[in-house]
Amino acid sequence: MHDPARTLVAQSAASEFDLLERYRAVRSAMPALARGLSSEDLAAQAMPDASPGKWHLAHTSWFFEAMILAAEDDYRPVDPRLQTLFNSYYESLGQRVERHERGLMTRPCLDEVLAYRAEIDRRMEARIAAGFDTKLEHYLFVLGMHHDQQHQELFLMDLLALMACSPLDPAAYAEEPRPAGTRQQERGGATRFEGGLVEIGHGGDDFAFDNEGPRHKVWLEPFHLDHDLVTNGQWIEFIADGGYSRPELWLADGWATVKAEGWTSPLYWREGDNGWTTMSLTGRIPVNPAAPVRHVSAWEAEAFAAWAGKRLPTEAEWESAVATAPAVFSNLFNEVWQHTSSTYAPYPGFKPTEGTASEYNGKFMASQRVMRGGSFATPSGHARRTYRNFFHPHQRWAFLGLRLASDAPVMSKPRIESVETARFRAELIAGLSRPQKAVSPKWFYDTAGSELFEDITRLPEYYPTRQEAALLRELAGDLTAGFGDDAVLVEFGSGASEKTRILLDAAPSLGAYVPIDISPDALNAAAASIAEAYPRLQVAPMVGDFLNLPPLPELGRGRRIGFFPGSTIGNLEPDQAAAFLANARERLGPNALFILGVDLVKDDATLLAAYDDAQGVTAAFNKNLLVRANRELGADLDLGAFAHEARWNGEASRIEMHLRAERDMTVHIGSQVFAFEAGETIHTESSRKFTQSSVAAMAEAAGWRVAEFRAGPAPSVALAVLA
Ligand code: SAH
Ligand code: AVI
């Protein structure tokens with residue numbers, strides 16, 4: 001592959017000997033390409049855009065004479081006539097033969113041109129030996145060598161165009177000249193580049209054409225750039241899909257060109273009985289589907305990109321991507337120049353080279369397109385990543401192809417993870433690392449989870465909420481009788497605070513209400529709604545984990561009443577429940593009361609139905625854990641690969657909810673990987689079912705006394721008053 005570090009001009013520091021060696025190497029290349037071609041091959045001109053080989057041999061010599069040698073005092077031209085004949089486009093150097101007439105110059109003949117070339121080389125070698133006095137002289141010398149190299153590629157392009165004019169499909173060479181090296185393997189895929197404010201263009205002291213600078217800043221939105229070039233095989237699909245007959249794929253000027261030129265395939269392609277063939281420097285050959293497509297214009301490249309649902313990269317995207325990750329791409333510099341969507345324009349602050357060479361690039365900066373990279377025919381060491389090649393958008397005789405880009409979705413700014421999310425991440429990772437994968441049910445309750453729970457409370461199968469609310473209504477008078485004035489009601493896992501209203505209605509002298517819940521949205525909505533319905537009540541919601549209770553706010557003068565309905569205590573492990581009750585007793589202070597709602601042991605069928613309802617709401621509630629992990633932690637849990645399961649565990653007297661893996665799989669949370677075997681479960685919730693004595697044992701272990709225990713009708717739940 002091309003090595004950008006090996007450009008010609010580490011030469012400012014190079015010795016005279018190195019310069020001479022380099023000069024000779026560069027100058028020997030074109031005569032080597034001409035060897036074996038006939039003088040007729042080298043004299044004819046295929047079309048106005050192309051030049052005869054003889055002209056390239058002469059013009060590249062003329063360049064050294066006009067730019068360097070002619071600057072000497074009393075310079076005597078090798079042959080004054082050649083000054084005009086081989087001036088390409090330099091207005092300041094007077095008359096010239098128009099480009100389209102270059103093929104008409106039968107004189108000087110090839111031998112004379114080669115003699116001219118030899119004389120220029122003799123003079124240049126003497127000039128090199130004398131040394132270059134100024135930076136500009138040195139620059140022009142190196143420019144002359146790069147100019148020669150550019151024409152080496154043009155020589156091959158123009159020669160191919162000429163060979164393609166013959167119905168005999170002649171081979172210019174036995175083997176394709178590939179100074180840029182062999183083709184690399186395709187890699188597949190694309191890399192995402194973040195873009196932002198990047199710098200492109202040439203800076204520094206090594207050689208570059210004037211059009212490559214100055215280095216400057218460009219803003220890029222995130223983009224993808226394909227690793228590989230578009231292949232002939234892909235182009236054949238494009239053709240087969242009507243690529244050349246669907247105006248909607250083409251830019252207007254491109255479509256006009258397609259119609260005017262009658263394009264139906266890349267330049268040189270022909271369809272025969274044995275499929276597509278193309279013209280190459282080794283004659284007519286079958287189109288190799290695996291090889292990068294060649295000889296497509298910018299118009300065609302644009303249409304192909306539109307067909308492929310992608311786009312051409314801008315030249316800044318191309319350069320920035322190649323500077324960032326050169327190793328991910330195949331064939332950057334050694335197959336085809338790659339079309340960009342950028343029009344050829346001066347970079348901000350562009351300054352042409354001083355003097356005659358100011359006409360080298362700058363005056364073409366209109367109506368052309370930029371191509372990047374390099375082709376198989378580009379001399380080794382000639383191209384670099386800041387190199388700007390340019391052609392008109394309809395031109396396609398150059399070795400032009402394409403590499404596609406696309407817009408990359410803007411990723412939301414990395415959010416600083418909330419403490420709560422960090423805990424969820426840590427607990428889920430720890431829980432999935434256990435032999436029996438398990439996670440606390442408290443992580444069910446994000447906004448969606450809290451809403452799903454409210455849906456559960458209205459299910460026909462889910463009796464606990466209805467039964468408990470009925471019992472509360474029945475007992476409200478008794479329960480609130482001992483509250484006294486200005487009491488503070490502290491509710492744990494308050495959720496929607498619906499049951500609370502039953503107590504609040506029965507205790508109008510209550511001073512304050514402190515709902516505590518881990519689900520902020522549910523808590524705040526409930527608190528606001530209670531505050532509105534009970535304007536005299538002070539409402540002080542606390543977001544957080546009731547297993548980690550902070551000191552309660554100093555509100556009201558009366559006693560504190562703990563309220564823990566819904567059998568949420570059954571969702572705690574027995575030791576957690578005991579610790580919670582003990583801690584709550586401490587936080588509530590002396591003389592506190594505690595109203596505890598529990599679900600009671602009953603027949604399995606009733607229990608199982610309550611946790612595996614016909615509508616699948618409980619299943620959705622259970623799976624919300626996965627939804628939340630995917631959204632909040634960026635996990636990749638496949639929702640379809642897990643099934644909701646409810647089990648009665650008689651030994652532990654609890655209903656268990658699990659998420660069962662339906663197949664072997666691996667799951668990622670950040671950098672962590674977890675393997676699941678089919679049938680393996682995540683234990684997501686236990687819902688313990690109590691008896692009067694198990695409630696008493698639990699309460700007493702935490703220092704409470706059961707002052708009252710009232711069970712309701714079947715399916716029964718119970719309310720215990722602890723003191
Ligand atoms: N008390 C209501 C809601 C019960 S649902 C009722 O009886 O209908 C359980 C509630 O407890 C949910 O709102 C959930 O967000 C909350 N919760 C669960 N674990 C929690 C914890 N460790 N800390 C604080 N709140 C929790
Ligand atoms: C909140 N908690 C008491 C409910 C229960 O019954 O254990 C949560 C629940 N899980 C499934 N359905 C409802």
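In this predicted model, the lining of the second largest pocket draws at least two residues from each of helix 3 (53–67), helix 6 (135–163) and strand 10 (389–391). Among the contributors to this lining, helix 6 gives the most, with 7 residues. The space that these elements help to line amounts to about 880 Å³, and of the 38 residues that line the second largest pocket, those closest to its centre are Tyr89, Arg99, Leu154, Phe390 and Phe391. Sorted by class, the lining of this pocket holds 14 nonpolar, 16 polar and 8 charged residues.

From this pocket we can turn to the ligands, beginning with ligand 1. Around ligand 1 there are 17 residues, of which Gly493, Lys499, Asp517, Asp545 and Phe546 come nearest. Nitrogen atoms of ligand 1 take part in several polar contacts, and both backbone and side-chain atoms of the protein appear as partners. On the backbone side, an N or O atom of isoleucine 518 lies 3.1 Å from a nitrogen atom of ligand 1, while a backbone N or O atom of phenylalanine 546 lies 2.8 Å from a nitrogen atom of the ligand. Aspartate 545, by contrast, contributes through its side chain, in which an N or O atom is 2.8 Å from a nitrogen atom of ligand 1. On its own, ligand 1 has 570 Å² of accessible area, and the protein covers 94% of this. The shell around ligand 1 divides into 5 nonpolar, 7 polar and 5 charged residues.

Ligand 2 can be followed in a similar order. It is surrounded by 14 residues, the closest of which are Tyr462, Asn571, Tyr611, Glu685 and Ser687. Three residues of this list supply polar side-chain atoms that approach the ligand: a polar side-chain atom of tyrosine 462 lies 2.5 Å from an oxygen atom of ligand 2, an N or O atom in the side chain of asparagine 571 is 2.8 Å from a nitrogen atom of the ligand, and a polar side-chain atom of glutamate 685 lies 2.8 Å from a nitrogen atom of ligand 2. Of the 340 Å² of accessible area that ligand 2 has on its own, the protein covers 97%. The elements that give two or more residues to the shell around ligand 2 are helix 12 (447–457), helix 18 (617–633) and strand 24 (681–688). By class, the shell around ligand 2 comprises 7 nonpolar, 6 polar and 1 charged residues.

Notes. Residues numbered from 1 in each chain as written. Chains lettered and ligands numbered in written order. Predicted model: local features only at pLDDT ≥ 70, side-chain atom pairs only at ≥ 80, totals over all residues. Heavy atoms only, no water. 1 Å grid on protein atoms, 1.4 Å probe; cavity = no way out; pocket = protein on both sides within 12 Å on 5 of 7 lines; lining within 4 Å. Points joined across faces, edges and corners; volume = space filled by probe spheres on them. Helix = DSSP H or I, 4+ residues; strand = E, 2+ residues; numbered from the N terminus. Nonpolar A, V, L, I, M, F, W, Y, C, P; charged D, E, K, R; others polar. Near = heavy atom within 4 Å. Polar contact = N/O pair within 3.5 Å; in protein donor to acceptor, adjacent residues only side chain to side chain. Areas by Shrake-Rupley, 256 points an atom, 1.4 Å probe, with all protein chains shown as cover.
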